[in-house]
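Visitor: Welcome me in, please, and walk me through the model on display.

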Amino acid sequence: MRRRLLLAALLLDLLVGDPPNRWHPVAWMGSAIDWLRKQAPERGKFVYGGMVAWGGGLIVWGLAWFALRLTDRVPTPLNWLMQAWLLKTTISLRGLNNAAHEVETALWEDDLTEARRLLSWHLVSRDTSQLDASQVAAAAIESAAENTSDGIIAPLVWYGVGGVPAALTYRYLQTCDSILGYRDAEREWLGKIPARTDDLLNLIPARVTALCIVMLRPRGWRIWWRDAHLTASPNAGHPMSAMGGALGVALEKVGHYHLNAEARLPEAEDIRRARRLMIGAVGLFTAGLWLILRDR
């Protein structure tokens, strides 16, 4: 059944995409975390942030386990389709591909203002207002590479470890980091435990993602090995450097990192190539996971 759930979840994602936020469990998680952020005390933010992350993760695990028990009472095959839908809500291959494609299309049409807007809206949290066309393309490629790990392969890794509850719990903890893991005055201590937890959970998925990319484009091996440590994140540099090396382009976030620095600057066409590699890497990983999983 676990193999069927894996394939059904990916198929649902490709055919249907993400549901509206009001029906999306990950959006519910984000709303709950943001509400808890606003309730944070002035003192003890470090401990409070840990309680939000770890306590909330336990609650999500329990709710997911309970939901699966309820679906067991539904006749087959509807029960496993419902479980596949729950797993599907932890991944977003179609959404990521479409977001990168929209930026790519705007660059092809020489509409830099729209490309910057779409990049900021869909893919990155940085200020995009001053980026030139190659920097927009680089940011889209970086985001595609990093989110292939965080938004697709990592949830499936944890699905392989602990089933649907583990995948949903991973998405909760990853959402905690995305909301709380900032070094501003409000969240410097509030986000410490969520950020370190996210780093730990992505330690293996980030490297597996990079491995899948360079297996498809072996010329990325050298740059992955050389540049993966250049980012502040212990994980993000792995899929990004592998992608930059595989495509033969430089990926730079000014003032932060410069991956494959000696290569040419990326263009709109390279976003298309990155999307193909992203889909190929997910397909390669899925095939490997399918072989490892055992149906019960």
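Guide: Gladly! Ala, Val, Leu, Ile, Met, Phe, Trp, Tyr, Cys and Pro count as nonpolar, Asp, Glu, Lys and Arg as charged, and the others, Gly among them, as polar. This is a predicted model, where local features need pLDDT of at least 70, side-chain atom pairs count only at pLDDT 80 or more, and totals for chains, interfaces and linings use all residues. Residues are numbered from 1 along each chain as its sequence is written, and side-chain values use heavy atoms, with hydrogens and water left out.

Visitor: How do the residues of the lining of the second largest pocket divide by class?

Guide: Among the lining residues, Pro 25, Trp 28, Met 29, Val 60 and Leu 63 lie nearest the pocket's centre. The lining of the second largest pocket divides into three polar, no charged and 19 nonpolar residues.

Visitor: Which residues is Phe 46 in contact with, leaving aside its neighbours within four places in sequence?

Guide: Phe 46 has its place in helix α3. In space, 9.2 Å separates its C-alpha from that of Arg 187, though the two are 141 residues apart in sequence. With neighbours within four places set aside, its contacts (heavy atoms within 4.5 Å) are Trp 189, Lys 192 and Ile 193.

Visitor: Is Phe 46 buried or exposed?

Guide: Buried means under 20% relative accessible area, exposed over 50%, and partly exposed in between, using a 1.4 Å probe and protein chains only. Phe 46 has a relative accessible area of 39%, so the class is partly exposed.

Definitions and conventions: On a 1 Å grid over the protein atoms alone, a cavity is a set of points where a 1.4 Å probe fits but cannot get out, and a pocket is an open set with protein on both sides within 12 Å along at least five of seven lines; lining residues have an atom within 4 Å of a point. Helices (H or I, at least four residues) and strands (E, at least two) are DSSP runs, numbered from the N terminus.
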